[in-house]
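Thanks for coming. I will put the structure up and then walk through a few parts of it.

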Amino acid sequence: MAKDAFTEEEKKKIVSAIKEAELNTSGEIQIHLENHCKEDVMDHAAYIFKTLKMHKTKERNGVLFYMAVKDHKFAILGDAGINNKVPENFWDDIKEHMLAHFKKGDLTAGLSEGIKMAGEQLASHFPYQKDDENELPDEISFGKN
């Protein structure tokens, strides 16, 4: 199970990175982990994005970090609101940064730093509003496979 790919301590670090990143933004970040992805990783990430109802945020500023742990695949998918504002290669830059950690076997640092980088960009385009509400859960979601 993908749940077992991370220790409880590592899961807490990842969730903490999400909470910290969302402190300064109205944007929403979610992590979804599975063992396997049998199709194109971006297509599957888009399916998960919709399944998690990430497209329903008020400002369309959700970001999904998707990972198929056993298949060594991952994707970052931003909603229309954020994709209209970030530079074209923005997600690729984060992916490269994360991949450097993944290659060293440090999935937790890779995810945590990717989340931080996405949060900084979200904060610059979607600053925190005092009436802001957390529209999506901060907890990691796990697939069945």
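Which elements do the buried residues of α1 pack against? They pack against β1, α5 and β4, the last being residues 141–142. Before going on, note that this is a predicted model.

Let me stay with α1 for a moment. Its buried residues are K11, I14, V15, A17, I18, A21 and E22. Around the helix axis they cover an arc of only 150°, so they sit on the same side of α1. In general, an α-helix has 3.6 residues a turn, so residues three or four places apart point the same way. The other side of α1 has the exposed residues E8, E9, K12 and E20. As for length, α1 has 15 residues, which at 1.5 Å a residue should span 21 Å. The end C-alpha atoms are 21 Å apart, which agrees.

Next, the interior. The largest nonpolar core has 29 residues. Those with the most contacts inside this core are I29, I31, F65, W91, L111 and I115. At least two core residues come from each of α1 (8–22), β1 (28–34), β2 (62–68), β3, α4 and α5 (107–125). Another core, of 12 residues, lies apart from it; M54, Y66, A68 and L136 are among its members.

W91 is worth a closer look. Leaving out residues up to four places away in sequence, W91 touches V63, I76, G78, I82, N83, V86 and A118. Its relative accessibility is 10%, so W91 counts as buried.

Now the aromatic rings. How many aromatic pairs does the structure hold? There are two. One of them is F74 with F102, edge-to-face, at 4.9 Å centre to centre and with 80° between the planes. F74 belongs to strand β3, residues 73–78, and F102 to helix α4, residues 90–103, so this pair ties together parts that are 28 residues apart in sequence. Both rings belong to buried residues: F74 has a relative accessible area of 14%, and F102 has 13%.

The rings of F90 and W91 also pair. Their centres are 4.8 Å apart and their planes are at 70°, so this pair is edge-to-face. F90 is buried, at a relative accessible area of 10%.

Last, two lysines and the rings beneath them. K95 lies over the face of F74, 5.8 Å from the ring centre. K85 lies over the face of F126, with 5.4 Å to the ring centre.

That is what I have. Questions are welcome.

Terms used:
Residues are numbered from 1 along each chain as its sequence is written. This is a predicted model: local features need pLDDT of at least 70, side-chain atom pairs count only at pLDDT 80 or more; totals for chains, interfaces and linings use all residues. Side-chain values use heavy atoms; hydrogens and water are left out. Rings of Phe, Tyr and Trp (its six-membered ring) pair if their centres lie within 6.5 Å; planes under 30 degrees apart count as stacked, over 60 as edge-to-face and the rest as tilted. Helices (H or I, at least four residues) and strands (E, at least two) are DSSP runs, numbered from the N terminus. Buried means under 20% relative accessible area, exposed over 50%, partly exposed in between (1.4 Å probe, protein chains only). A charge sits over a ring if NZ of Lys or CZ of Arg is within 6 Å of the ring centre and within 35 degrees of the ring normal. A nonpolar core is a set of buried Ala, Val, Leu, Ile, Met, Phe, Trp, Tyr and Cys residues joined through side-chain atoms within 4.5 Å. Contact means heavy atoms within 4.5 Å. The expected span of a helix is 1.5 Å times one less than its number of residues. The arc is that of the directions from the helix axis to the C-beta atoms.
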